[in-house]
Amino acid sequence: MNPLLGRLQSYPFEKLRQLFADTSPNPAYRHINLGIGEPRHPTPDCIRQAICDNLDGLASYPATLGQESFRQAIAAWLMRRYNIPLPDAATQIVPTMGSREALFSLAQAVLDPAEHGIVVCPNPFYQIYEGAALLGGAEPYFVNADPASNFNCDYDSVPDEIWNRTRLLYLCSPANPTGAVLTLEQWKQLFALSDRYGFVIASDECYSEIYFDDNAPLGGLEAAHRLGRDGYPRLVMLSSLSKRSNAPGMRSGFVAGDAAIMKQFLLYRTYHGSAMSQTIQNASIAAWNDETHVIGNRAKYQAKFAAALPLLQPVMDVAMPDASFYFWADVFRKTGLSDTQFAQRLYAEYNVTVLPGSYLARTAHGINPGDNRIRIALVAEQEECLEAIRRITDFTGRL
Ligand SMILES: Cc1ncc(COP(=O)(O)O)c(C=O)c1O
């Protein structure tokens with residue numbers, strides 16, 4: 001067996017299952033899960049209908065590169081959304097089965113396993129980055145998000161000897177779990193580092209459409225374009241319909257950016273064997289071409305966050321995220337409970353699940369930046385979310 005498999009950590013939800021293994025939730029309440037980041041608003045009709053209308057697509061093997069019309073729909077969306085020139089659908093876009101497998105497979109295409117390079121990751125982070133680095137024969141290097149500066153990672157703190165060995169940098173903007181969005185200034189710094197040290201930037205942007213005011217989060221391609229970086233050298237971004245269009249079960253996403261990376265990524269994928277069914281491709285075209293459902297979806301999140309924040313603020317240290325559907329709250333200062341204690345007791349006493357922050361981060365540079373924090377995913381419909389928030393405030397009130 002591949003010995004590197006032994007280096008993979010168990011997934012946060014497995015750790016949660018173990019934490020709750022001997023806990024019986026209070027039977028007076030039905031379970032509400034704010035732990036898992038799975039969108040729960042209904043999948044829009046335009047997607048459901050397009051799937052029904054395109055069932056003939058099941059009869060053929062799809063191409064790894066997908067249909068041209070699908071890549072063109074993605075290119076047109078990128079142009080509209082980020083105010084960039086129309087990307088070249090032939091060379092700058094590759095469809096993927098959601099962004100998760102793409103985050104993983106991209107690293108396998110980018111990394112030279114013989115080199116034992118470094119993959120720089122934010123901390124806390126989406127666990128796939130770490131697994132992708134390890135199975136690609138590299139070592140992850142974590143840069144802690146700093147709560148004192150809106151959870152930005154201080155990339156100036158990374159030593160030269162680390163950058164010299166870095167082959168890939170994962171970014172997540174809007175970030176899971178902190179919600180932080182990278183600014184143009186930060187992108188400028190990261191592009192300068194990539195130019196200097198030659199590493200690839202993979203920008204995970206699957207939360208880009210969940211935001212709370214009129215300022216849509218800046219994207220990586222958009223930042224590159226604004227800074228005059230034609231052709232997006234060493235930059236790729238990843239997105240999907242899972243969060244934007246409440247369709248996590250479709251497994252529809254894409255990677256876009258530097259054509260030289262896309263070419264090698266496509267070669268890797270031909271063997272990796274992930275090609276999207278034509279039925280899903282056609283439904284995805286309908287989804288990327290429609291903004292109405294995205295606007296409605298965003299309005300639901302806006303209403304939930306506006307109602308939940310004032311209830312939570314008196315009982316924990318929490319602020320509006322820049323974007324995403326998570327609160328990333330410090331519970332220790334106001335309750336005296338650690339993240340795992342809080343999650344376990346809340347589950348036992350009120351049958352509400354939240355995710356301990358330490359499960360989403362690693363101890364690096366002497367601290368685990370998730371310690372004493374919980375991630376609250378406001379994914380259920382408003383009434384259910386608010387019911388859970390009221391139980392959380394009852395719980396903290398009785399501590
Ligand atoms: C930060 C981040 N990236 C990527 C993904 C993968 O999503 P999908 O594969 O559905 O696009 C998730 C899912 O929760 C996520 O939180």
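This report describes a ligand shell, two groups of strands and one buried residue in a predicted model.

**The ligand shell**

The ligand is surrounded by 13 residues. The closest are Gly98, Ser99, Arg100, Ser240 and Ser242. Sorted by class, the shell holds seven polar, four nonpolar and two charged residues.

**Strand E3 and its partners**

Strand E3 spans residues 118-123 and is mostly covered, with six of its six residues buried. The cover applies to both faces of E3. Ile118, Val120 and Pro122 lie on one side and are buried, and Val119, Cys121 and Asn123 on the other side are buried too.

Strands of a sheet pair through backbone hydrogen bonds, in either a parallel or an antiparallel sense. E3 pairs in the parallel sense with strand E4, residues 139-146, over six bridges. Within this pair, Val120 of E3 has Tyr141 of E4 as its bridge partner. Helix H5, residues 128-135, joins E3 and E4 in making a right-handed β-α-β unit. E3 also runs parallel to strand E6, residues 166-172, and three bridges join the two strands. Here Ile118 stands opposite Thr166 in E6.

**A sheet of three strands**

Another part of the model is an open sheet of three strands in the order E10-E13-E12, where the pairing is antiparallel. Its edge strands are E10 (326-330) and E12 (355-356), each of which pairs on one side only. E10 is joined by five bridges to E13, which covers residues 373-377. In E13, Arg375 stands opposite Trp328.

The table lists three strand pairs with their bridges.

| Strand pair | Sense | Bridges |
|---|---|---|
| E3 and E4 | parallel | six bridges |
| E3 and E6 | parallel | three bridges |
| E10 and E13 | antiparallel | five bridges |

**Asp339**

Asp339 is placed in helix H14, which comprises residues 339-350. Why does Asp339 count as buried? It counts as buried because it has 25 C-beta neighbours inside 10 Å, and the cut-off for a buried residue is 20 or more.

Neighbours within four places in sequence are left aside in the contact list of Asp339. The contacts that remain are Val331, Pro356, Gly357, Ser358, Gly370, Asp371, Asn372, Arg373 and Ile374. One of them, Asp371, is 32 residues from Asp339 in sequence, yet the C-alpha atoms of Asp339 and Asp371 are 6.3 Å apart in space.

Methods:
Residues are numbered from 1 along each chain as its sequence is written. This is a predicted model: local features need pLDDT of at least 70, side-chain atom pairs count only at pLDDT 80 or more; totals for chains, interfaces and linings use all residues. A residue is near a molecule or strand if its C-beta atom, placed from the backbone, lies within 6 Å of it. Ala, Val, Leu, Ile, Met, Phe, Trp, Tyr, Cys and Pro count as nonpolar, Asp, Glu, Lys and Arg as charged, and the others, Gly among them, as polar. A residue is buried if 20 or more other C-beta atoms lie within 10 Å of its own, exposed if 12 or fewer, and partly exposed in between; C-beta atoms are placed from the backbone. Helices (H or I, at least four residues) and strands (E, at least two) are DSSP runs, numbered from the N terminus. Two strands pair if DSSP finds at least two bridges between them. A crossover is right-handed if, with the strands pointing away from the viewer, the path from the first strand over the helix to the second runs clockwise. Two residues are in contact if their C-beta atoms, placed from the backbone, lie within 7 Å.
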